[in-house]
Amino acid sequence: MRRALTGGLVLLVAALSLAVYWIARARTDALTAAQDREMAVQAAAAHAVSLMSIDHRRIDDDLKRALATSTGPQRAQYAAGQAALRAATLKNKAVQTGVLRASALASIDGGRRTAQVLIVGDAVIHWEDGRKAPPEERFFRWRMDVTKASGLWLVSRAELVQ
């Protein structure tokens, strides 16, 4: 009888240990998934602010920041156009200040390696080249694909939408 009781207790302890492990693992997986969702949205938001905030006084830093938050096709596209953007910004002494209005996760793949994020932002641009033009408002709505590369979420595609 004592032997049966001891065996029963051992099985009970083993079952409880397994349950605690399973619950802890499920909780860790859920927290990791939530963190991936949040980081994907933050990466897209940071990239959007970089795209909307360009100042002729710090244009090289602004361009580097936008490149640092992108990868793949988006990075290649931005790199290809940065010389023209730099020249136009310096020529017009443009200052564009962007504000993020909203960001939301549209989808994330099951392996949490790619996600799609929706971004809404506004910017005001003014020129310091002596023209008397009033500041111009610009409104941006993007659908951004973000990819997890080496533990970092980076924008791989940014599509303006209406």
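**Close-up 1. R112 in the loop between β2 and β3.** R112 is partly exposed, with a relative accessible area of 24%. In this predicted model, the residue has a positive phi of about 55°, although R112 is not a glycine. The value of 24% puts R112 in the partly exposed class because that class lies between the limits of 20% for buried and 50% for exposed.

**Close-up 2. S150 in the loop between β4 and β5.** S150 is another non-glycine residue with a positive phi, here about 55°. Its relative accessibility is 78%, and S150 therefore counts as exposed, the cut-off being over 50%.

**Close-up 3. The aromatic pair of F140 and W142.** A search of the whole structure gives 1 aromatic pair. The partners are F140 and W142, whose rings lie 5.1 Å apart, centre to centre, with 5° between the planes. The pair is classed as stacked, because the angle between the planes is under 30 degrees. F140 has a relative accessibility of 16% and counts as buried. W142, at 6% relative accessibility, counts as buried too. Both assignments follow because buried means under 20% relative accessible area.

**Close-up 4. A nonpolar surface patch formed by L5, L9, L12 and L16.** Together these four leucines have about 400 Å² of accessible area. One of them, L9, is located in helix α1, which spans residues 2-52. L9 has a relative accessible area of 48% and is partly exposed. That value qualifies L9 for a patch on accessibility, because patch residues need over 30% relative accessible area.

**Close-up 5. The largest pocket and its lining.** The space in the largest pocket comes to about 500 Å³. Its lining consists of 21 residues. Nearest the centre of the pocket are L51, I54, Y78, L85 and Q96. One helix and four strands each supply at least two residues of the lining: α3 (72-92), β2 (94-108), β3 (114-127), β4 (136-149) and β5 (152-160). Of these elements, α3 gives the most, with 9 residues.

**Close-up 6. Loops and strands around the pocket elements.** The strands β2 (94-108) and β3 (114-127), each a contributor of at least two residues to the lining of the largest pocket, are joined by the loop that holds R112. Likewise, β4 (136-149) and β5 (152-160) each supply at least two lining residues, and S150 is found in the loop between β4 and β5.

How values were computed. Residues numbered from 1 in each chain as written. Predicted model: local features only at pLDDT ≥ 70, side-chain atom pairs only at ≥ 80, totals over all residues. Heavy atoms only, no water. Patch = residues over 30% accessible without salt bridge, like charges linked within 9 Å, V, L, I, M, F, W, Y side chains within 5 Å. Areas by Shrake-Rupley, 256 points an atom, 1.4 Å probe, with all protein chains shown as cover. Salt bridge = Lys/Arg side-chain N within 4 Å of Asp/Glu carboxyl O. Buried < 20%, exposed > 50% of the residue type's maximum accessible area, 1.4 Å probe, protein only. Phe/Tyr/Trp six-rings, centres within 6.5 Å; stacked < 30°, edge-to-face > 60°. 1 Å grid on protein atoms, 1.4 Å probe; cavity = no way out; pocket = protein on both sides within 12 Å on 5 of 7 lines; lining within 4 Å. Points joined across faces, edges and corners; volume = space filled by probe spheres on them.
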